[in-house]
Structures are given as C-alpha cells and as structure tokens.
Amino acid sequence: MERLPVEVIGNILSRLGAARDVVIASATCRKWREAFRCHLHTLSFNSDDWPSYHALTTSQLEILIIQTVFQTTGLQDLSILIEYVDEFSASMVIALLMYTRETLRRLCYNVRTTPNVNILEICGRQKLETLDIAHSSITGVEPNYQRFSCLRSLSLSDVSISALDLNLLLTACPKIENLDLIDPEMAMSDTHVTVELSCPTLKSVYIEAMGLDKFILEVDSLERLHLKDCVLELFELVGKGTLKHFKIDDVTVIHLDIGEALENLEVLDISNFTIIGPKFCQMMSRSSKLRSLRLWDVLFDNEDEIVDLETIAVCFPLLSHLSLSYDLIDRALLCSLQGSSQLENVIAMELGWTMITELFPDWVEGLLKRCPNLRKLLIHGIISDAKTQEEYTMLANFTSSIVQLMRKYVHVDFQIYYE
C-alpha cells in the first residue's frame, strides 16, 4: 500500500464518491490526505448515502460541504443532492461554484437557493460536460456570453424556464447530445401553452411530467425519445429519420405526429397509452427495421381494434422481441390471431393481462404457433384481491393449460409472474 502512487490513491478515493466515505478513507495516513487534497476528482453529497445528513441544520450542512470541497484542488465531478433541505444561501453556492468551476466537468445540484443563483452565468465558458440542476429558475439566457462549448448532457428538473430561454440555452451548447426535462415550469406569456424546440445535435431526449397544448421538437440527429407522464394536445417530431428508440409511458396526447421519423426505428415501447384513430398504427407500419415491440396496457379508442399478429409479422420482419398486454374483449383477442405469417425471428416474448379470460391460454398457444424459433416466454398476470370462485376456477384452468403448453413446447423457457 505504501508504494501506491498518490495519483492512484486519488482514483481510489474518487471511486468511493460519497463524501463521508472519502473523508474517512483519506484519514488513513498523510499520503492519503495528500491524495484527497490534490488528486480527488469526484465528490458526492447525497442524502441517500448517509441518513445523518437529515439530522444536521441547514447551516451545519453548508459549513460541512464548504469545508470539504475547499480542501480539494481539482474536482471534476461534484454532486449535491440533499433532500428535505429548505434552502441553501446564495452566497454559499456562489462561493462553491466559483471555487470549482475551472476544473468541473460534471455538476449535479438539486437544492433551492435564496435568492436564486444563476448557475449558467457562473459556469458558462468553462469545461462542463454534464449539467444536472433542479428546483431552480433560469431567465435571460445570453448564448454568446453563457456559452457551454463542452456540454453534452443537460438535465432540468422542476426548473422554471421559458421556451425562448430553453432554445437559447440549447443554442449555447453546440455539442449537446442529451436533454432531460422533468416536470419543468414553462413560463408563458399567454394561456396557450406552446413550446417549439430546435437543436441539430441532440441524440437523446427524455421528457417527464410535462403538460402543454402544443409541443414541436425539431431535431436532425435524434436517436432516442422517451415521453413519460405527459399531457399533450399535440406532439410533433420533425427529424430526418434517425430515431431508433421510441418509448411512450403513461402519456395522454390527442394528436401525435412523428412524420417520417420512424423509418429507422429499432425499438418501440408503448405502455399505459390510448391509441386514437388509425393514423398511429399507419405510422408504426413504416418501421420495417423494428427489432423490439412492446405494447403494454395499450387501449384503442375503438374497443374492437387491435394490432393483429399478421400486421406485426408483415410490417416487422426483423422483430426478435415481442411484448403484448391487452385489456380486450374476447372477440378482439381471437381476431388478433388471424392470418398465417410466421414471426421467424422472435426469440423472446412477454405476455400479460389485467383481467384474465378463458381465452387467454388459447391466445398464448396461438402466439407460440406463430413463433417457431421462440426461446423464452414471460407471462405477467394481475390477480385481484377479492378472489371469487369463478376466478379460482379460471386461474386453475389457466395453470393447467400452461403446463400442457410447457410439455408441448419443451424448447421454450416459460416464466410466470403474478401481481
């Protein structure tokens, strides 16, 4: 241990991450204290790492963080993620950022400050590559002055910002590739809430808990798009067909226009979503390169409508992973099995129900017959708390039917989970 270079010790301490663990480890000897001062590059103050943070007053927390950080000389990664703290003083946060800004590559900060601290003004024109801020307000963005020439990832959570400032901020980040917007407070001048974002370099966009009348996303290089817990009247994606991974989770949207962006799609994951009208299914059918399809707890505005196996087999010839969970009437369940095209490349399948029916085992068998090269089958079932005799009988019949299928399709690994 004595022969370890001090730089290596600094890397060891940095891998610990959590500030408390780093401070304790650095007390080992003089050499480790030197590594802490001169070669530590990662430090994290996270209330999940040490519950005793909650026992400290705000002033004690501020002093602890300042004293610890000011003992280092080359921090590149700083995280301050403290829950249950009302506010930090602006003077403390400004001093912290001014001290570390020239070496910081990654900053995560989620504590409110009084008054609000303009992190962009302090950290602009520096080496930041990742910026993750929460519970803050961003106004008056100046892209020529607050420029982030190295920033590649930006996450804004519970941040108040206007659509104009958000666009200006993206303009100030010429290399940005990842954008996360989580429960943003979009400052608007009128009651009609419309956001138009344009960025040619974005490759991944995650949007959660956003409510808007109109959201237009114009991106030329987008590869991943994830919408979660959003309420949108209109969502429009304008791109150049680079999208490869598209996920929708618990989203309400009346008009969804993806345009030609689905042509190179490889993964489509839709859950807790109501498909309105045939237009979405028509857009999906263009994704001939699709390899993974997940339709989980998906509803159609027409209860007799469904994405049938024939459509899936014909439109997605490269499909290897298929996940389906429908809450359907019996007639629609049987109609989904119509056709004879095989899903030759499907090797893994996941099926589920929210309310089991007598026809569910027949549906499973119909799917097995259409997937000759299937290797793994996962079945997820929901069983209500109030179990009637009819439910017991149906579940027993389902179990018996599945056992028979397991004996018939011995090459398939069956796994069944109940909630």
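Of the 419 residues in the chain, buried ones make up 46%. Keep in mind that this is a predicted model. The exercises below go from the whole chain down to single residues.

**Exercise 1. Getting your bearings**

Task: Work out how many helices and strands the chain has, and what its C-alpha trace spans along the principal axes.

Solution:
- Start with the secondary structure: it comes to twelve helices and 22 strands.
- Then look at the extent: the C-alpha trace spans about 70 × 55 × 40 Å along its principal axes.

**Exercise 2. Salt bridges between strands**

Task: Find the salt-bridge partner of Arg106, and say which strands the pair ties together.

Solution:
- A quick reminder first: side chains of opposite charge can pair when their charged atoms come close.
- The cut-off to use is a side-chain nitrogen of Lys or Arg within 4 Å of a carboxyl oxygen of Asp or Glu. By that rule you get seven salt bridges.
- For Arg106, the partner is Asp77, with N to O at 3.1 Å.
- Arg106 sits in strand β4 (residues 106-109) and Asp77 in strand β2, so the salt bridge joins parts that are 29 residues apart in sequence.
- Now check the cover. Arg106 is partly exposed at 32% relative accessibility, while Asp77 is buried at 16%.

Task: Do the same for Asp269: which residue does it pair with, and where do the two lie?

Solution:
- Asp269 forms a salt bridge with Arg294, and their closest N and O atoms are 3.3 Å apart.
- Asp269 belongs to strand β17 (residues 267-275) and Arg294 to strand β18 (residues 292-300), 25 residues apart, which makes this a link between distant parts of the chain.
- As for cover, Asp269 is buried with a relative accessible area of 12%, and Arg294 is partly exposed with 22%.

**Exercise 3. A salt bridge between helices**

Task: Which helices does the pair of Lys408 and Glu365 tie together?

Solution:
- Check the pair itself: the closest N and O atoms of Lys408 and Glu365 are 3.3 Å apart, and the two form a salt bridge.
- Next, place the residues. Lys408 lies in helix α12 (residues 389-408) and Glu365 in helix α11 (residues 360-370), so the contact connects parts 43 residues apart in sequence.
- Glu365 counts as partly exposed, at 21% relative accessibility.

**Exercise 4. Cysteines without partners**

Task: How many disulfides does the structure hold?

Solution:
- The test is a pair of cysteine sulfur atoms within 2.5 Å. The structure holds zero disulfides.
- Take Cys29: the nearest cysteine sulfur belongs to Cys38 and is 14 Å away, and Cys29 is in no disulfide. Cys29 is partly exposed, with a relative accessible area of 30%.
- Then Cys173: the nearest cysteine sulfur is that of Cys199, 8.0 Å away, and Cys173 is in no disulfide either. At 1% relative accessibility, Cys173 counts as buried.

**Exercise 5. Backbone oddities**

Task: Is the peptide bond from Thr114 to Pro115 cis or trans?

Solution:
- Read omega: it is near -10°, and the bond is cis.
- Place the proline: Pro115 is in the loop between β5 (113-114) and α6 (119-123).

Task: Now look at phi of Tyr84 and of Asp229. What is the sign in each case?

Solution:
- Tyr84 has phi near 65°, a positive value in a residue other than glycine. You'll find Tyr84 in the loop between β2 (77-81) and β3 (88-89), and it is exposed, with a relative accessible area of 74%.
- Asp229 has phi near 50°, again positive and again not a glycine. Its loop runs between β13 (224-228) and β14 (231-238), and Asp229 is partly exposed at 32%.

**Exercise 6. A charged patch and a covered loop residue**

Task: Which residues gather with Asp21 in a surface patch, and what is the charge of the patch?

Solution:
- Asp21 gathers with Asp48, Asp49 and Glu83, and the patch is negative.
- Asp21 itself lies in helix α2 (residues 19-26) and is partly exposed at 35% relative accessibility.

Task: Is Val219 buried or exposed?

Solution:
- First locate Val219: it is in the loop between β12 (211-218) and β13.
- Buried means under 20% relative accessible area. With 2% relative accessibility, Val219 counts as buried.
- For a distance check, Val219 and Glu142 are 22 Å apart, C-alpha to C-alpha, and 77 residues apart in sequence.

Conventions. Residues are numbered from 1 along each chain as its sequence is written. This is a predicted model: local features need pLDDT of at least 70, side-chain atom pairs count only at pLDDT 80 or more; totals for chains, interfaces and linings use all residues. Side-chain values use heavy atoms; hydrogens and water are left out. Patches are made of residues with over 30% relative accessible area and no salt bridge: like charges are joined within 9 Å, nonpolar side chains (Val, Leu, Ile, Met, Phe, Trp, Tyr) within 5 Å. Accessible areas come from the Shrake-Rupley method with a 1.4 Å probe; for residues, only the protein chains shown count as cover. Lys and Arg count as positive and Asp and Glu as negative; His and the chain ends are not counted. The place of a charge is taken as NZ of Lys, CZ of Arg, CG of Asp or CD of Glu. Helices (H or I, at least four residues) and strands (E, at least two) are DSSP runs, numbered from the N terminus. Buried means under 20% relative accessible area, exposed over 50%, partly exposed in between (1.4 Å probe, protein chains only).
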